[in-house]
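Reader: I have a model open and want to learn how to read it. Where do I start?

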Amino acid sequence: MEYYNYIKSLHLIFVITWFAGLFYIVRLFVYQIEANEKPSPEREILQKQYKIMTYRLWYIITWPSAVLAIIFALLLLHLMPAWLQMPWMHVKLGFVVLLIAYQIKCHLIYKELQNDVFNYSSNFMRLWNEGATIILFAVVFLVILKNAFNWIYGVIGIILFSVLIMLGFKFYKRIREKNKS
């Protein structure tokens with residue numbers, strides 16, 4: 001148990017860098033998709049640079065952070081197995097599975113973009129970027145409050161938060177369209 005706080009600290013550090021990588025990679029996807037719409041040679045120059053940036057972010061920061069966060073989480077659960085009996089932990093682990101699925105989908109998008117396959121619009125990517133934000137909010141509140149009994153209120157809160165994000169996105173989109181004119 002003397003190493004518990006060190007392991008917890010490392011887990012938290014790698015969760016933070018994992019989320020930072022997920023937030024930034026999708027933003028780079030937006031830029032890469034928009035660069036594809038630029039005229040030549042600007043398109044090729046930007047595409048080359050974004051491919052380098054996404055590669056480094058994805059394989060040097062995001063994936064290693066995800067793996068290390070999960071390893072330290074498993075160590076914490078090994079040290080505190082009673083957490084697995086707590087309802088809030090079950091809900092949290094559900095969100096972690098959702099986060100892993102989100103990362104895998106981001107990886108598929110990453111591979112497509114590295115091969116110059118553009119299946120998504122920049123607007124879709126802007127909305128997709130909010131997925132990690134919603135998961136982050138849910139996990140932080142679960143971990144701090146340690147209460148899954150009020151998960152209904154949490155779900156309602158996440159839905160309301162999502163609606164606010166969508167409204168903000170639509171407002172931002174209008175501003176961008178006005179500024180193009």
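Author: We will take confidence, then one residue, then a pocket.

Reader: What is the mean pLDDT of the protein?
Author: This is a predicted model, so check confidence before anything else. Where pLDDT is low, the predicted coordinates should not be read in detail. Here the protein has a mean pLDDT of 91. A value of 70 or more is reached by 96% of its residues.

Reader: Which element has the lowest mean pLDDT, and which the highest?
Author: Helix α5 (residues 151–180) has the lowest, at 79. The highest belongs to helix α2 (residues 42–79), at 98.

Reader: Now a single residue. Is N129 buried or exposed?
Author: Buried means under 20% relative accessible area. N129 has 11% relative accessibility, so N129 counts as buried. This residue lies in helix α4 (residues 122–145).

Reader: Which residues does N129 touch, leaving out those up to four places away in sequence?
Author: N129 touches L22, F23, V26, R27 and Y102. Take L22: this residue is 107 residues from N129 along the chain, yet their C-alpha atoms are separated by 8.0 Å.

Reader: On to pockets. What volume does the largest pocket have?
Author: About 750 Å³. Its lining has 29 residues, and the closest to the pocket's centre are H11, V15, K92, V139 and V143.

Reader: Which helices each supply at least two residues of that lining?
Author: They are α1 (4–35), α2, α3 (87–114) and α4.

Reader: And how many lining residues fall in each class?
Author: Sort them by side-chain class. The lining has 25 nonpolar, one polar and three charged residues.

Technical notes
Residues are numbered from 1 along each chain as its sequence is written. This is a predicted model: local features need pLDDT of at least 70, side-chain atom pairs count only at pLDDT 80 or more; totals for chains, interfaces and linings use all residues. Side-chain values use heavy atoms; hydrogens and water are left out. pLDDT is the predictor's confidence in each residue, from 0 to 100. Helices (H or I, at least four residues) and strands (E, at least two) are DSSP runs, numbered from the N terminus. Buried means under 20% relative accessible area, exposed over 50%, partly exposed in between (1.4 Å probe, protein chains only). Contact means heavy atoms within 4.5 Å. On a 1 Å grid over the protein atoms alone, a cavity is a set of points where a 1.4 Å probe fits but cannot get out, and a pocket is an open set with protein on both sides within 12 Å along at least five of seven lines; lining residues have an atom within 4 Å of a point. Grid points are joined across faces, edges and corners, and a volume is the space filled by probe spheres set on the points. Ala, Val, Leu, Ile, Met, Phe, Trp, Tyr, Cys and Pro count as nonpolar, Asp, Glu, Lys and Arg as charged, and the others, Gly among them, as polar.
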